[in-house]
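Visitor: I have a structure to look at and some questions about it. Can you walk me through?

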Amino acid sequence: MEAYAQALTYGIPFFVILIIIESIAARIMGKKVNRPMDTISSLSSGMTNTLKNFMGLTVIILSYEWMVEHFAMFEIKSTLWLFILAFIGHDFAGYWSHRFNHVVNVFWNRHIVHHSSEEFNLSCALRQTISTFVGIYFFLYITMALIGIPAEVVGIVAPIHLFAQFWYHTTLIGRMGILEHIIVTPSHHRVHHAINPEYIDKNFSEIFIVWDKWFGTFQAEIDDVPPVYGTKKPVKTWNPILINFMHLWQLIQDAWRTSSWWDKLRIWFMPTGWRPEDVKENYPVEIVTDPFARPKYDTPASPLFQAWAWAQLVINNVLMFYMLVKIAEFSIPDLLTYTSFLMVSIFSYTTLMDRHKWALPIELAKTLFGVILMMRM
């Protein structure tokens, strides 16, 4: 945990600097890539993912280390080629887990937050899930375990692989020549995030685009079809915690409401977006059919309110960064209390950004939580 915290103390400032550079470059180029409320929501989502990881809320059914210990057929010493092989193996597993998240109804809840922004910029790359409470994709790593790739090698490769997916979330970089045939580029990933019919469920690769080309899910960006970003069922909230569970809540409601027992069972594993016919008729939901006619989600935000929202984001980031730096000094109960307060705080100010009726009571609860936390310190 301390090593992970130390990596984040370097990674977070790096991400923030790149986001600022993108914003400055966009202004120079005369393009608008950020909206204040959307960017605050994206950065807040990144914080919730970090906090959730430190709360230890994920259950791993079979750890990679256990699989290596019990299944490895060879013992391989660490070399440069082993790290390269591990990186490729991790990327292959990433392609399939990403694809499953998109095409299976219940698994979409694990990924919806990443696609929830109606903008496409570096900050939206930080919209990462907090709803993955059970690690279900261990089977994708069995081959790596069989050939004996050590767990410590995978432990080094995994964060590098994740951070390497950050840079291509941008509209400022066009096509990249020969690299378009080898790695995932911004052009490829713009297609992936788009809700245009031509682009839906394409380009699942995370680093090497060859997986999509081999498995039939590749789509190049079309010059006269500009990507429109977001989700086909608009999330209509700035609150990243709500976004993480709204699809699951829809599935629970649909399973409860349908009169068919068969539909109650199969809804979870049907293609993403599938709903029972009786529920569809009696409880319609908004689905985007014409991406170019869809209005983007927005809420009233005066310059003063925007300044307040930015201040909330900065304060919570500073508090989280303090936790990362001092992580060795936190007991487990103190860590859980501290991270819980930050989660409540993020929920509070993003709810107020939505101008939701819950905003005031949640803000009061957050303030009381903060007072109790300070009295304990």
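Visitor: What phi does Gly30 take just after helix 1?
Guide: Gly30 takes a positive phi, about 75°. Helices here are DSSP runs of H or I with at least four residues, strands are runs of E with at least two, and both are numbered from the N terminus.

Visitor: What sort of model is this?
Guide: It is a predicted model, where local features need pLDDT of at least 70, side-chain atom pairs count only at pLDDT 80 or more, and totals for chains, interfaces and linings use all residues. Residues are numbered from 1 along each chain as its sequence is written, and side-chain values use heavy atoms, with hydrogens and water left out.

Visitor: Back to helix 1. What should its 28 residues span?
Guide: Helix 1 covers residues 2-29 and should span 40 Å at 1.5 Å a residue; its end C-alpha atoms are 41 Å apart, which agrees. The expected span is 1.5 Å times one less than the number of residues.

Visitor: Which of its residues are buried?
Guide: In helix 1 the buried ones are Ala5, Leu8, Thr9, Gly11, Ile12, Phe15, Ile19, Glu22 and Ala26. Buried means under 20% relative accessible area, exposed means over 50%, and partly exposed is in between, using a 1.4 Å probe and protein chains only.

Visitor: And what covers them?
Guide: The cover over the buried residues of helix 1 includes helix 2, helix 8 (151-163) and helix 14 (303-325). Contact means heavy atoms within 4.5 Å.

Visitor: Helix 8, then. Which residues are buried there?
Guide: Val153, Val154, Val157 and His161. They pack against helix 3 (64-71), helix 4 and helix 7 (142-146). An α-helix has 3.6 residues a turn, so residues three or four places apart point the same way.

Visitor: How far does helix 8 reach?
Guide: From first C-alpha to last, the 13 residues of helix 8 reach 19 Å, close to the 18 Å expected at 1.5 Å a residue.

Visitor: Different topic: Leu57. Where does it lie?
Guide: Leu57 is in the loop between helix 2 (36-55) and strand 1 (59-60). Its relative accessibility is 38%, so it counts as partly exposed.

Visitor: What does Leu57 touch?
Guide: Lys52 and Phe133, leaving aside residues up to four places away in sequence. Leu57 and Phe133 are 76 residues apart in sequence, but 5.9 Å apart from C-alpha to C-alpha.

Visitor: How many cavities are there?
Guide: The count is 1 cavity of 30 Å³ or more. On a 1 Å grid over the protein atoms alone, a cavity is a set of points where a 1.4 Å probe fits but cannot get out; a pocket is an open set with protein on both sides within 12 Å along at least five of seven lines, and lining residues have an atom within 4 Å of a point.

Visitor: How much space is in the largest cavity, and what lines it?
Guide: It holds about 60 Å³. The lining includes Arg35, Asp38, Glu118, Arg127 and Lys236. A volume is the space filled by probe spheres set on the grid points, which are joined across faces, edges and corners.

Visitor: What about the second largest pocket: what is its volume?
Guide: About 620 Å³. It is lined by 30 residues, with Trp108, Lys232, Lys233, Thr272 and Gly273 nearest its centre. Helix 11 gives the most to this lining, 5 residues.

Visitor: Last one. How many helices and strands does the protein chain have?
Guide: The protein chain has 16 helices and 2 strands. Of its 377 residues, 48% count as buried.
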